[in-house]
Amino acid sequence: MTVKELTEQSGFGILCPGDPEREISKVYCCDMLSIAMGRAPADGAWVTVMGNVNSVAVGALADVSCIIFAEGVQPEEACITRAQQQDICLLATDLPVFEAALTIHRQLPLGDDAP
């Protein structure tokens, strides 16, 4: 699934488009930036409520496909500006973190290791 397909199917708002053709392989939830920095999967969709500029830095380091701000969080303007500069997709939803992640997970194709 691509970021564009996710936005079309989920109804998540687009705050910064990034690369709409970027593939999403997994979904990851974490609000502790130091943990997300080391554990967010490359090409993952990262769901968080941390709407500051440091989230974009972590997303860039982890090479995530997109960052989704859940629970109605509106990121700081500096966060959006940095995402534009680094071509990182930012999305937003009013859904709780778990429900946002479940929405993404349900849209991902089943891998070879699926039960």
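**Figure 1. Pairing of strands E3 and E4 around threonine 48 in the predicted model.** Threonine 48 of E3 faces phenylalanine 69, a residue of E4. Strand E4 comprises residues 66-69, runs parallel to E3 and is joined to E3 by four bridges. The connection between these strands passes through helix H3 (residues 53-62), and E3, H3 and E4 together form a right-handed β-α-β unit.

**Figure 2. Pairing of strands E2 and E3.** Strand E2 (residues 26-29) is parallel to E3, with four bridges between them. One of the paired positions involves lysine 26, whose bridge partner in E3 is glycine 44. A right-handed β-α-β unit is made here by E2, helix H2 (residues 33-39) and E3.

**Figure 3. Burial of strand E3.** Strand E3 spans residues 44-48, and five of its five residues are buried; the strand is therefore largely enclosed by the rest of the structure. Burial extends to both faces: Gly44, Trp46 and Thr48 lie on one side, and Ala45 and Val47 on the other.

**Figure 4. The buried and exposed sides of helix H4.** In H4 (residues 77-86), the buried residues are Cys79, Ile80 and Ala83. Because these residues cover an arc of only 95 degrees around the axis, they lie on the same side of H4. An α-helix has 3.6 residues a turn, so residues three or four places apart point the same way. The buried residues of H4 pack against strand E1 (13-16), H3, E4 and strand E5 (89-92). Glu77 and Gln85, on the other side of H4, are exposed. Just after the helix, aspartate 87 adopts a positive phi of about 55 degrees.

**Figure 5. The salt-bridge network of Arg22, Asp43 and Asp63.** The count of salt bridges in the model is two. In one of them, aspartate 43 is joined to arginine 22, with the closest N and O atoms 2.8 Å apart. Aspartate 43 belongs to the loop between H2 and E3, and arginine 22 to the loop between E1 and E2, so this pair ties together parts that are 21 residues apart in sequence. Arginine 22 also forms a salt bridge with aspartate 63, at 3.0 Å from N to O. Since aspartate 63 lies in the loop between H3 and E4, and arginine 22 in the loop between E1 and E2, this pair ties together parts that are 41 residues apart in sequence. Through shared partners, the salt bridges join Arg22, Asp43 and Asp63 into one network. Aspartate 43 is partly exposed, with a relative accessible area of 31%; aspartate 63 is likewise partly exposed, with a relative accessible area of 39%.

Definitions and conventions: Residues are numbered from 1 along each chain as its sequence is written. This is a predicted model: local features need pLDDT of at least 70, side-chain atom pairs count only at pLDDT 80 or more; totals for chains, interfaces and linings use all residues. Side-chain values use heavy atoms; hydrogens and water are left out. Buried means under 20% relative accessible area, exposed over 50%, partly exposed in between (1.4 Å probe, protein chains only). Helices (H or I, at least four residues) and strands (E, at least two) are DSSP runs, numbered from the N terminus. Two strands pair if DSSP finds at least two bridges between them. A crossover is right-handed if, with the strands pointing away from the viewer, the path from the first strand over the helix to the second runs clockwise. The arc is that of the directions from the helix axis to the C-beta atoms. Contact means heavy atoms within 4.5 Å. A salt bridge is a side-chain nitrogen of Lys or Arg within 4 Å of a carboxyl oxygen of Asp or Glu.
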